[in-house]
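Let's take a friendly walk through this structure, going from one local feature to the next. Keep the view open and follow along.

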Amino acid sequence: MAIEVEVSTRDRVTVVTVAGEIDGGSAPGLQARILPLLQQDSSLILDLRSVTYMSSAGLRVLLLLYRQAMSRNGRVALAGVAETIKDTMAVTGFLKFFAVADTVDQALTTLQQA
Amino acid sequence: MAIQQYTYSDTIAGYVTQMDRAARSFDLKTSDGREFRIHLTPTTYARISQNLEESYQDCTARIGQMLQPGQHVYAYCIFYPQAGDVRVEAKAMVFPGDGPGIYRHEEPDWWIKQIRSIANSYLRWQFNYPHQSIDYRNYRTMLHLAGGKKGDYLQETDTISRMIYGMASAYMLTGEESFLEAAEKGTEYLRAHMRFFDSDENLIYWYHGVQVSGDREQKLLTSEFGDDYDSLPMYEQIYALAGPTQTYRLTGDPRILYDIEKTIELFDKYYKDNEKEGYFSHIDPISLDPRSPLLDKGNNRAKKNWNSVGDHAPAYLINLWLATGEDKYADFLAYTADTIVTHFPDYEHSPFVQERFFEDWSHDTTWGWQQNRAVVGHNLKIAWNLMRIHSIRPNADYVALAEKIAQLMPEVGSDRVRNGWYDVVERVLAPGEEVHRFVWHDRKAWWQQEQAILAYLILQGCLGKADYQKHGREATAFYNAFFLDHDDGGVYFNVLANGLPYLLGNERFKGSHSMSAYHSTELCFLSATYINLLINKQPMTFHFKPRPDGFPGRILRVAPDILPKGSVRLTAVEIDGRPYSAFDAEGLSIQLPDSRQDVRVKATLTPVK
Amino acid sequence: MAFSANLEMVDSEARITLEGELDAAVADQFRQTVEHAAQEKPQKLVLFMDKLQFMASAGLRVLVFAKQRMGRDVAIYVIGATGPVLNTMQMSGFHQAVYLQESYP
Amino acid sequence: MDTRIDFYPTHQHQGYKLRPGRPVLFGATLVPGGVNFAICSRYATSCTLVLFEKGAPEPMVEIPFPDSFRIGNTWCMVVFDLDYERTEYGYRMDGPWDPAAGHRFDASKILLDPYAKAIGGRDVWGKPPDWNDPYPHRARLIFEDFDWEDDRPLEKPLEDLVVYELHTRSFTRHPSAGVKHPGTYAGIIAKIPYLNELGVNCVELMPIFEFDEFENSRPNPVTGETMYNYWGYSTVGFFAPKTGYAATGPFGMQVDEFKNLVKELHRNGIEVILDVVFNHTAEGNEQGPTLSFRGIDNQTYYMLTPEGYYFNFSGCGNTLNCNNPVVRMMVLDCLRYWAAEYHIDGFRFDLAAILGRDPWGAPLPNPPLLESLAFDPVLAKCKLIAEAWDAGGLYQVGSFPAYGRWAEWNGKYRDDIRRFLKGDEGMVPVIAERIQGSPDLYGWNKRGPTASINFITCHDGFTLYDQFAYNHKHNEANGEQNRDGGDDNHSWNCGVEGETDDTEVNALRKRMIKNALAILLMSHGVPMILMGDEVGRTQRGNNNTYCHDNDLNWFDWTLLERNADLFHFARQMIALRKTHPLLRTREHFGTSATQADIIWHGTQAWNADWSPGSRTLACMFRERQAGQAGNTSPVLYMALNGYWDALPFELPELPVNYRWHLFANTALPAPHDIYEPGHETPLEPYQHSFLVGGRAVVILIGRP
C-alpha cells in the first residue's frame, strides 16, 4: 500500500506527516526518507493521524528512529496515534520508548519541556 | 530326552496368578492349570486386541499395571535353557481386554463394527465398490490375499451364495443399503445363471458354477472337486440356499421362497432315504439316482454323511423357519436332529462323532480323505445347532448330546496351552498314544474357531454354566487376537498353533470355494446376538426391508436366531424412521402395513432379565 | 416315435443328428453316443435337433455333463431346436452355454 | 553497495531468486536480502519448499530443492526478496510409504517446519477453522530483533522461589478480570500488580507452545457447549508461542507480545517457567493427522513397535523419540532458543520420565538427553523441573536421573500432606520428612530440598477449595460418564459434598485451606501454588477440566473480595517465607553443612509423638547459635494439630531474652488469624503452652 510522507518544520522542529498503511512493503521507503532528517536536528515529531495500519515492520522503523535519535540524545514524539495502534505498541512493549501526544502542538510542547 | 537344551519360541495363553515387580516377572496359569513363570524383558511390548479398522492399541507403558491376578493374556515367549531348567521370556503380549474378566469382544458393538468392515472389504475386492457399481458379472471365486483378482474366471454357486449370506447378515446388523444391494443382486444372479429348473420333475437344482469365457458361459453341472467328482453333492445344493434364504428374511421376495421350496422338493424326492432315514450325500448327475454305479468313481454310491444330514439347519433351514414360522420346517429340523442323535454318537470307540455312513448307517471309515478321522468343527457345529433346534422342539437328548460334546471336545480338540481349536484329528488313539494325532498339521482354521465360539456362547447363553463361559471366552479371545487381518481387511483363514498367520499356498486366497465372506460374517452376526441378547442382556437393533409383495400375510418375523422361548421381547419398531406399534412383542413379529414400495424396518429386541 | 442318435465325424467336428423323443428311458443311450463323440476330441459338437419332438431334462443333463467333460474350448451348436426343446434349454439356462442357430453351417 | 558474495542469487525458479542456504540454521532465518530455509530428514528422497501468500488457500509457488541445495540429510535454500510479514511456508517431503518399516511419507501433505518460530492458522482462539485447508498450521517468518534493553533471566536462587502455576487464558478471560485483552499475554501483564501484591516471584505458564485447541474438540453431550483441547498438552510447534493467546495474534505480533510479557515480569522480579511437553506430539497415532513430524521423518521422530505401530507411553497416541540424536538435538535447540531469545528462566517437563527412555521404551540408566540438558552452557542457570512419573508407571519421584540439576514435582509431598490434613492415620512421621524437604527422596547424593517442588494442588486434580469441599470427583461435564480424572484425591468435604450455606462447614473449609497454605510455605523445598487457590477458586468438584473454555476454568476475580481473608493469609505466609532464610535452604537441615536444625516437638516439648495414632506434630527451625554471642536470629515454631479437638502444645524454651510472638493461628477468624512479619503480637512471658484449636496450625516466632 503506498504511503505519503510530507516533511515540514514547526518552531525549528522537524514534523513528518505520514498517511496510509505502514507495513513490510512501505516501511523500508519510509525509513529511508526519515533517517536523513535526523542528521540536522536530533529531535523529530511524527504526525501519524492518518496512518490506518502499522505492522511489526512499521513498529521497527519507529524503534530505529528512536535509537538514532537517542544516539544523538535527541527525542522522537508521536502525534495522533490511532487507539488500536497505540494499544498494539503498548502490548508489544514499543510504546514506552516514545513521547505520545494527541496533536502536533502538544507533541511540540512536550519536546520543548524535556 | 532331557529338558530341551536349546531355545524355542511359543505363545502361552493363560491367566495371571501373581506379578513380582522386583523380579519383573509374572506367573501364568493356562486353561488346563499348567503353571508358567514368565519374565519381562526391556524390549517386551504389548497391545490390547483391536477390532478391524481400529487403531493399534499399544499398552507397553502399562504392562506392569495390567498384569493383575485374573488378567487373561497371550504371551509370545522365547524359552531359554538355564541352570538345568527353562527360563521363559516374553517378547510380545496381547491382552484380550483391559482388566481381569474384561473382553473387548463383549463390547455391545464389537461384532457390528467387525461385520461392517468385512462386508465392505468384500464389496471392495469383488466389485471395486464404491468406485464401481455392484455387478456380479465381475464376481471371482478366487481372490488373492490382498483381495486382488487373479487366475481364472470361475464363479461358483456356493461361494456367491455364502457371500450373499454375509451381505444380508451385515445389512440386518448395520442397515447399510450397499450390503442389501449386494445380497439382492447376488440372489438375482444365482437365479439367472446358476439355477437349473427341471420342468419334467418340476423341481430345482443348482449348477456347481459357471466358467465365464468370452461371451459364453461354460455351465458346470457337477462339482469340480475331487471328492465329489461327476456327481451332484447335496452339500453344494444345501449351501446354494444359504444366501438367498438369509436375503429372504429381509425382503420376503416370493421368488426366493419358490426356489427354496422347489430345491427342498429335490432333497425329498432324490436325496432322502425314506426307509432307513437321513439323506444320501450324492446323486448321479443324469439319473439323479443316489445308488447309480457312476458314483462309484468317487466312492459316493449310496453314502450318507454329516453334511447331507447336519448342514441343512445352519445353512438355510433355521433361517427358513425364522422367516416363515412354518411347522413343516420345524419338523424337518427335528428330523435332522433326531437322525444325528440316533446315528452319530460312537462314544464306545471315540470322543468324536462318526461322520460318514453306508446306507444302513454302518460306519464308513475308509472314505476319501476322511477315513476314520474327525473334523473338530463338525462336532461343535452339532452341539451348537442341537441347542438352537432345542429352543423350538425341546428335547432332552439334544441337550444331552450337545453338553456331552461340549464337555469332551476341549481335551481332545482344543489347544489348552495357547487357546484356539484344531482342524482334523484321528478319531481313535493308537496304543500308547495320549494325544489324538493331527492328520495333516496342528494349524487352526478360522471356520473351526467359529463353530467352537458359537457352540460355547449358545450353551452359556442357554444354560449359563461357568465352564462354557471360560471356553467361549478363550476361543473368542484367540480369534480376535490372531485372525483379524489388520493390514488388508477380512480375516486370515489359517494361523499356526501359536497364532501367527499362515499365508502359504491356497491358504493365501481370501475367496476360495468355501470361504468368501460366510463363516466370518456368520460369526459376527450370531456372536453379537448371543453375547448381547443371551449373555450380557443388552438390547439390539435389527434392520429389514420387506418388499410390497413380501411375506405371506405381511407378517415380518424379526427373531435374529432361534432363542430360548421368552428370553427376548420386541420392544420397539420403526418403519421408514417413524415409530410403529402393530407388532407382537412375545411372538417377535410385525404386522407390516400395506405399501407400494419397500419399507425400511428397524426392530429393537430387549432381553428379559 | 422311437429315438435315434447317430454320430458322424467330419474332421475335427462331431455331428449328432437326433430324432424322435429323448425321454429319461433313453437318456443313457444318448449319453453313450455323446461319450463316443467326446473320445474323438472334437473341437466342435453340432447337434441337429430339427427332427427332435421332445427332450426330457435328463437328456439335457447329458448334454450339460458332456459339455463340462469336453472342456471350455469345445463349442456346441444346437441347430433347429424348436418349441418345448428350446423351452427346456432356456429354463435350465443352458442356452447361455451354446450357440443356437436355425441352420448349419 | 553490499559486497557480500552470498547477497546474490545463483538460481531462480518461476521468478523466485534462490541460492544454496546454510544447513546449520534449522528453520527459517532472516538473512541479508532473503530467508534461509533449512530442514532435515533422514529417509526423505526429495523435498519441496511451498510458499503461501498469508492465509491463501493455494500455494503461490512450490520450489523443489535442487540436489545441489542438499548437504547430508539437510535441505537448505535462501529465497530472496520475500515479504516477511505476508509469507507462509511449508514443505512437501517424498519418500517410501512403508508403515511396517516405520516410513509414512506422503507428498500430498504440506508439512509444518518443526523449527517454525511462528505458526498461523489458529490466530484467534476458538475461531472455527476451514476444515479442508490443505495446510492447517502454517509456519511464518518473524523479526528476531526485540529490544530487551538490559533484561536477562533473573537467575533467582531456586530456594527463594514461590511458584504460581497459571493458564494464560484462564487467568484473565473471566469478565470480572476487567482487563483490556482478556485471556491473553497482555492480560497477564495487566495483572502483574496483583502478583506483586500476593508476593509470588515466579509464574509457571501451562503450555504456551502452539497447539490446536480444536484437537478432538466435540460438543458437550450435556450442555452442547464446544469442548476444546483447552490445557494444550499436545504440541503442534515447539518454537512458536501460541498465536491465539496473543492480543496481537491477528496482526502476527505474538512473538513481540510474549517477549514483552517476559520483560515486564522480569522488571517486577518475577521469573517465568514454561510447562513444556516433549513426550508426544499432536499427530496422535497412525489414525491421527499428518501435520509435521510423521510426514518429515516418522521413523526418527517417533518410538515405533517392530511392526511400525506407535508406542503409547504418553497415553496420547504417540511417543516422541527423545533419545534419538536428531530429536535430542531439536529438544536442546528448542530449550536453548527459549532461554536465549525469550529469556525464559526455567522449564517444567510434562511426563519427564519418558525423556529417559530408549527408542525401545526401556528406562535408560544414563539418558543422553537429560545429561545434555543438565550440562548445556546456555541452559546452565535455567531451572529444570520434571514431572517425574509417566503414563508408563515408571514412577521415578526421587530416583529421576538428575545430575544434581533437576528438581521434581514431588507427588509424594502432595499425597502425604493431603492425607495428613484429611486426618489419615500414621502420617505424622511421613509429613516430618516432607516438611524438611523430603530427605528420604532427595537426601542421597546431595540433591537437597530444592530438588523438591512442593505442591498440594496443581492444574491436574482438585483446586485447594474443592480439596476440602468434595470427597469424590464430579467430572460429568467432561462427557465421559465421570470415568476420566483420578480417584486417589485424598480429599475431604468437611461434612457436606459440594457447595453449602452451612457456616460451620464453610468456616472449617477456610481453615483447612489456611492450614494447607501454612504447611506449604513453611516446608523446605520450593512451594508451588495453583492459580486462584489463594482466594478459594473452585471447579465445582471437577478434577480434570482439560476441555472446558468456561467459568469452570476461568479465574473469577470477584473471589478477591469474597475471600479477601484467604488472600490476606496467603500473602502474609508468602511474606513470612521471604522474610526468613531459615525456611529457604539449599541443604537439608541437620547435616553438618548447615548451621541450623529442625527440632521436632509434640504436645510435649522436645518429644514428638511418632505413634501411628498421633495427629499432632510441631517443628522448630533454629540456628544452632541462636541467642548466643550476639546471634539474634529468630526461631520459627509451627504446631500442627490434626486432631478434631483443641489441644494444648507445651512450648519449648527459648534462649534467654527471646520471647514467643504469635504470627498465625488458623483457628481464629480473620483478621486475627495472621499478622505481618515483624508485627507479631508477643505472648506473655509466663505462657509456656499454647492451646491449638482442632484441625489448626499455629506459627510462633521466637526473637529478642
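Is Asn657(D) buried or exposed? Asn657(D) counts as exposed, because it has 9 C-beta neighbours inside 10 Å. Please keep in mind throughout that this is a predicted model.

## Unusual backbone spots

Asn657(D) is also worth a look for its backbone: phi is near 55 degrees, a positive value in a residue other than glycine. You will find Asn657(D) in the loop that runs between strand E29 (647–650) and E30 of chain D.

Chain B offers a similar stop at Lys537(B), which is not a glycine yet has a positive phi of about 50 degrees. Lys537(B) sits in the loop between helix H15 (519–535) and strand E21 (540–544) of chain B. This residue counts as partly exposed, because 13 C-beta neighbours lie inside 10 Å.

## Two cis prolines

In chain B, the peptide bond leading from Tyr129(B) to Pro130(B) is cis, with omega near 5 degrees. To find Pro130(B), go to the loop between helix H2 (110–127) and strand E8 (154–156) of chain B.

In chain D, the bond from Ala670(D) to Pro671(D) is cis, and its omega is near -5 degrees. Pro671(D) belongs to the loop between strand E30 (659–665) and strand E31 (681–682) of chain D.

## Helix H10 of chain B

Helix H10 of chain B covers residues 327–343. Its 17 residues should span 24 Å at 1.5 Å a residue, and the end C-alpha atoms are indeed 24 Å apart, so the two values agree.

Which residues of H10(B) are buried? They are Tyr329(B), Leu333(B), Thr336(B), Ala337(B) and Ile340(B). These residues cover an arc of only 95 degrees around the axis, so they lie on the same side of H10(B). The general pattern helps here: an α-helix has 3.6 residues a turn, so residues three or four places apart point the same way. The buried residues of H10(B) pack against four helices of chain B, namely H8 (306–310), H9 (312–324), H11 (376–390) and H12 (396–413). On the face turned away from the buried side, H10(B) carries the exposed residues Asp327(B), Lys328(B), Asp331(B) and Thr342(B).

## Strand E8 of chain D and its partners

Strand E8 of chain D (residues 74–80) is mostly covered, with five of its seven residues buried. Strand E4 (residues 34–40) of chain D runs antiparallel to E8(D), joined by seven bridges, and Cys40(D) stands opposite Thr74(D). Strand E2 (residues 16–20) of chain D is also antiparallel to E8(D), with three bridges; here Arg19(D) faces Val78(D).

Strand E7 (residues 70–71) of chain D pairs with E8(D) over two bridges, again in the antiparallel sense. Ile71(D) has Thr74(D) as its bridge partner. The hairpin of E7(D) and E8(D) has two residues between the strands, and Gly72(D) takes a positive phi near 60 degrees there.

## Cores and the contact between chains B and D

The largest nonpolar core holds 419 residues. Which of them touch the most other members? They are Met167(B), Ala383(B), Ala455(B), Phe37(D), Met77(D), Val203(D) and Met638(D). Apart from this core lies another, of 30 residues, including Ala27(A), Leu44(A), Leu65(A) and Ala77(A). Leaving aside residues up to four places away in sequence, Phe37(D) touches Gly21(D), Ala28(D), Leu49(D), Cys76(D), Met77(D), Val79(D) and Tyr89(D).

Finally, eleven residues of chain B are in contact with 16 residues of chain D. On the chain B side, they divide into four nonpolar, five polar and two charged residues.

Methods
Residues numbered from 1 in each chain as written. Chains lettered and ligands numbered in written order. Predicted model: local features only at pLDDT ≥ 70, side-chain atom pairs only at ≥ 80, totals over all residues. Contact = placed C-beta atoms within 7 Å. Nonpolar A, V, L, I, M, F, W, Y, C, P; charged D, E, K, R; others polar. Expected span 1.5 Å × (residues − 1). Buried ≥ 20, exposed ≤ 12 C-beta atoms within 10 Å, placed from the backbone. Arc of directions from axis to C-beta. Core = buried A, V, L, I, M, F, W, Y, C linked by C-beta atoms within 7 Å. Pairing = 2+ DSSP bridges.
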